[in-house]
Amino acid sequence: MFIERHRESWQRLEALVKRSGRLNGAEADELIELYQRVTTHLSVVRSQTPDPATVERLSSLVARARSVLTGTHVPAWRTFTRFFTHRLPAAIYLGWRWWVPAGLAFYLVTGLVAAWIATNPDVQASIAAPEELREMTRAGGGYESYYSSDPAGSFAAKVWTNNAWVAAACLLLGVLFAIPPIYLLFTNALNVAVGIGLMFGAGRGGLFLGLLAPHGLLELTAVFVAAGIGMRLGWQVIDPGKRTRAQALAAEGRSVVAVALGLVVVLLVSGVLEGFVTPSGLPTWARVGIGVVAEVLFLLYVFVIGRRAAQQGETGDVDASERDDVAPVSV
């Protein structure tokens, strides 16, 4: 009964394998689907009705189909290029409904808390003693000298490492019902708000924003992306949709890995800006302008290149040939 029910699928796969060099797009997609389906059939036959002849036939068919699907070698440079031109920007773009609101909420909380601190001396006094506040906010004080506290190269490396850990925590811990990314984003908003509020309270807020903007625009956007994608991963635990929870987490998890690898590069750029541009002798307009250019280039990368890749069907997941070779079917 099982053999008769699925014989047509096996014969169709065998026909496609024999014509592997002359398949059109629809037939190539059909080949992949049938390969996954017949792989499942082979697993069922082995576990439930281990008929040697059927097992041998399906094993041979699956092996030949796999050879067709994976036999063509893709150069490493092409895989590398496709990652940065398709998979990564699409993965970030498809998560914009999570990370853009996360960024807006961050700026809203930061602005409100900073304004509260800047306009309330009692709040400032609760943060630190008056002498400490003067030391942090004076010309050449703690906030201003922070960016030149170490040699540019080592400072950039330190910043890059720290931000990479924060981004990784947002991405990977998001599976815990999206709570860790929200917490990390909120605590970072408070930390930034304290610096801005104290500097504005001391009448030096413009200078402080001039120090933050060159690297902070791109750096914070990377953190927003990490938090948003991490929250989306956590939402799969709560509501996986039509997929099983395991399938949803597997697919989203592979996209998370792509985003994590990409953000390493983005944060490296922001670290270089923080180490070499922020403390440089360039005028404020030039330093801020460099930061704005970096931010605009990243957004164009996501919303132009990423949107185009997503429209072409890219999801940020790995290619079908690299996923599990089992497709759910009725038996």
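This report describes selected helices, salt bridges, buried polar residues and surface features of a predicted model.

## Annotated membrane spans

The unreviewed UniProt entry carries the annotation "transmembrane region" for residues 96-118, 164-185, 192-211, 217-235, 256-273 and 285-304. Two of these spans can be described by their geometry in the model. Residues 217-235 are 100% helix and 0% strand, and the C-alpha atoms at the two ends lie 27 Å apart. For residues 192-211 the helix content is 85%, again with 0% strand, and the end C-alpha atoms are separated by 12 Å.

The span 192-211 takes in the end of helix H10, which covers residues 179-201, and the start of helix H11, which covers residues 205-238. Arg204 sits in the loop between H10 and H11.

## Salt bridges

A search of the whole structure gives 11 salt bridges. One of them joins Arg64 to Glu14, with 3.5 Å between the closest N and O atoms. This pair connects distant parts of the chain, since Arg64 belongs to helix H3 (residues 52-70) and Glu14 to helix H1, 50 residues away. Both partners fall in the middle class of exposure: Arg64 is partly exposed at 32% relative accessible area, and Glu14 is partly exposed at 24%.

A second bridge is formed by Glu144 and Arg204, whose closest N and O atoms are 2.8 Å apart. The two residues are 60 apart in sequence, with Glu144 in helix H8 (residues 142-145) and Arg204 in the loop between H10 and H11. Glu144 is partly exposed, with 26% relative accessibility, whereas Arg204 counts as buried because its value of 18% is under the 20% limit.

Glu252 and Arg232 form a further bridge, the closest N and O atoms being 3.2 Å apart. This pair ties helix H12 (residues 245-277), which holds Glu252, to helix H11, which holds Arg232, across 20 residues of sequence. Glu252 and Arg232 are both buried. Arg243 joins these two residues in a network of salt bridges.

## Helix H1 and its surroundings

Lys18 is part of helix H1, which runs over residues 2-18. With a relative accessible area of 62%, Lys18 is classed as exposed because this value is over 50%. Its C-alpha atom is 9.3 Å from that of Ala65, although the two residues are 47 apart along the chain. The bridge between Glu14 and Arg64 likewise links H1 to H3.

## Buried polar and charged side chains

Asn163 lies in helix H9, residues 152-172. Asn163 is buried, with a relative accessible area of 8%. Beyond residues up to four places away in sequence, Asn163 touches Glu219 and Leu267. The contact with Glu219 includes a polar one between the two side chains, at 3.0 Å. Asn163 is 44 Å from Glu30, C-alpha to C-alpha, and the two are 133 residues apart in sequence.

Glu314 is placed in the segment after H13. Its relative accessible area is 11%, so Glu314 counts as buried. Leaving aside neighbours within four places in sequence, the residues in contact with Glu314 are Arg82, His86, Arg87, Ala90, Leu94 and Ala309. With Arg82 there is a polar contact between side chains, at 3.3 Å.

## Positive phi between H9 and H10

Most residues other than glycine have a negative phi. In the loop between H9 and H10, Phe177 and Ala178 depart from that pattern. Phi is near 60 degrees for Phe177 and near 70 degrees for Ala178. Ala178 is buried, with a relative accessible area of 9%.

## Nonpolar surface patch

Val292, Val293, Val296, Leu297, Leu300, Val304 and Ile305 make up a nonpolar patch on the surface. Together these residues have about 550 Å² of accessible area. One of them, Val293, belongs to helix H13, which covers residues 284-311. In the UniProt record, residues 285-304 are among the spans annotated "transmembrane region".

Note on methods:
Residues numbered from 1 in each chain as written. Predicted model: local features only at pLDDT ≥ 70, side-chain atom pairs only at ≥ 80, totals over all residues. Heavy atoms only, no water. Patch = residues over 30% accessible without salt bridge, like charges linked within 9 Å, V, L, I, M, F, W, Y side chains within 5 Å. Areas by Shrake-Rupley, 256 points an atom, 1.4 Å probe, with all protein chains shown as cover. Salt bridge = Lys/Arg side-chain N within 4 Å of Asp/Glu carboxyl O. Helix = DSSP H or I, 4+ residues; strand = E, 2+ residues; numbered from the N terminus. UniProt positions renumbered as here; feature names shortened; annotations may be inferred. Buried < 20%, exposed > 50% of the residue type's maximum accessible area, 1.4 Å probe, protein only. Contact = heavy atoms within 4.5 Å. Polar contact = N/O pair within 3.5 Å; in protein donor to acceptor, adjacent residues only side chain to side chain.
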